[in-house]
Amino acid sequence: MLASAGCGGATDGPALPPDVGAELATAAGDVTGALEAGDPVAAQAEAAELLAAVEAALASGEVSRPLAREVRRGAQRLAALVEAAQPPPPAPAPEPPPVEDDANDEDDEDDDEENDGPGKGKGKDNGKGKGKGKDKDKDDD
């Protein structure tokens, strides 16, 4: 892409100095090589380096004004291809299944009967209770 902009060999239009043309062509080749290798992260880094090299060459005046626009466009097109090759972001994680409510389990009735004796649990009374206790309503009678 960039190499077609001229590397000093064409005589019918503006040309790049050979060393600048070779540097930009190498940088463009690094971008395409990373893309072909399936490494979009490296390709993106190489594209950023290519764009920086193009801007440095333009700022230094090494690229003639008539050719500057074409060189910049070529680098930007290659960088756009890199962006298009980026994998889509990962899909959001699925929501966890709802937690089942234990209140609807049929086994709960059996569990209550098993825990009716004098406990030795670690509750606030430290297991000194003697069972379920008396109903407050029955005490008032």
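**Reading the helices of a predicted model**

Me: Where should I start, and how far does helix H2 reach from its first C-alpha to its last?

Reply: Start with helix H2, residues 40-60: its 21 residues reach 30 Å from first C-alpha to last, close to the 30 Å expected at 1.5 Å a residue. Do keep in mind that this is a predicted model.

Me: Which residues of H2 are buried?

Reply: The general idea comes first. An α-helix has 3.6 residues a turn, so residues three or four places apart point the same way. Now the case here: the buried residues of H2 are Ala43, Ala47, Leu50, Ala53, Val54, Ala57 and Leu58. They cover an arc of only 130° around the axis, which puts them on the same side of H2. On the face turned away from that buried side you will find the exposed residues Val41, Glu49 and Ala59.

Me: What covers the buried residues of H2?

Reply: The cover includes helix H1 (18-36) and helix H3 (65-85). To see how H1 and H2 sit in space, take Glu23 and Leu50: they are 27 residues apart in sequence, yet their C-alphas are 9.1 Å apart. Glu23 lies in helix H1, and with 47% relative accessibility it counts as partly exposed.

Me: Can we read H1 in that way too? Which of its residues are buried?

Reply: Happily, yes. H1 has 19 residues and reaches 26 Å between its first and last C-alpha, close to the 27 Å expected at 1.5 Å a residue. Its buried residues are Val20, Gly21, Leu24, Ala27, Ala28, Val31 and Ala34. Seen down the axis of H1, these fall within an arc of 160°, so they line one face of the helix. They pack against H2 and H3. The face turned away from the buried side carries the exposed residues Pro18, Asp19 and Glu36.

Me: What follows each of these two helices?

Reply: A glycine with positive phi turns up in both places. Just after H1, Gly38 has a positive phi of about 75°, and H2 is followed by Gly61, with a positive phi near 85°.

Me: How many salt bridges does the structure hold?

Reply: Side chains of opposite charge can pair when their charged atoms come close. This structure holds 1 salt bridge. Arg72 forms it with Glu55, and the closest N and O atoms are 2.8 Å apart. Arg72 lies in helix H3 and Glu55 in helix H2, so the pair ties together parts that are 17 residues apart in sequence. Arg72 is partly exposed, at a relative accessible area of 32%, and Glu55 is partly exposed too, at 35%.

Me: What does the protein chain look like overall, in helices and strands?

Reply: There are 5 helices and 0 strands, giving the pattern α-α-α-α-α along the sequence. Of the 141 residues, 19% count as buried. Among contacts with a separation of 6 or more, 58% come from residues 24 or more positions apart. The chain exposes about 10800 Å², and carbon and sulfur atoms supply 50% of that area.

Me: Which element has the lowest mean pLDDT, and which the highest?

Reply: Where pLDDT is low, the predicted coordinates should not be read in detail. Here, helix H4 (residues 107-114) has the lowest mean pLDDT among the elements, 50, and H2 has the highest, 92. Over residues 3-11 the pLDDT is below 50, and this stretch has 11 contacts in the model beyond near neighbours in sequence. For the chain as a whole, the mean pLDDT is 75, with 61% of residues reaching 70 or more.

Terms used. Residues are numbered from 1 along each chain as its sequence is written. This is a predicted model: local features need pLDDT of at least 70, side-chain atom pairs count only at pLDDT 80 or more; totals for chains, interfaces and linings use all residues. Side-chain values use heavy atoms; hydrogens and water are left out. Helices (H or I, at least four residues) and strands (E, at least two) are DSSP runs, numbered from the N terminus. The expected span of a helix is 1.5 Å times one less than its number of residues. Buried means under 20% relative accessible area, exposed over 50%, partly exposed in between (1.4 Å probe, protein chains only). The arc is that of the directions from the helix axis to the C-beta atoms. Contact means heavy atoms within 4.5 Å. pLDDT is the predictor's confidence in each residue, from 0 to 100. Accessible areas come from the Shrake-Rupley method with a 1.4 Å probe; for residues, only the protein chains shown count as cover. A salt bridge is a side-chain nitrogen of Lys or Arg within 4 Å of a carboxyl oxygen of Asp or Glu.
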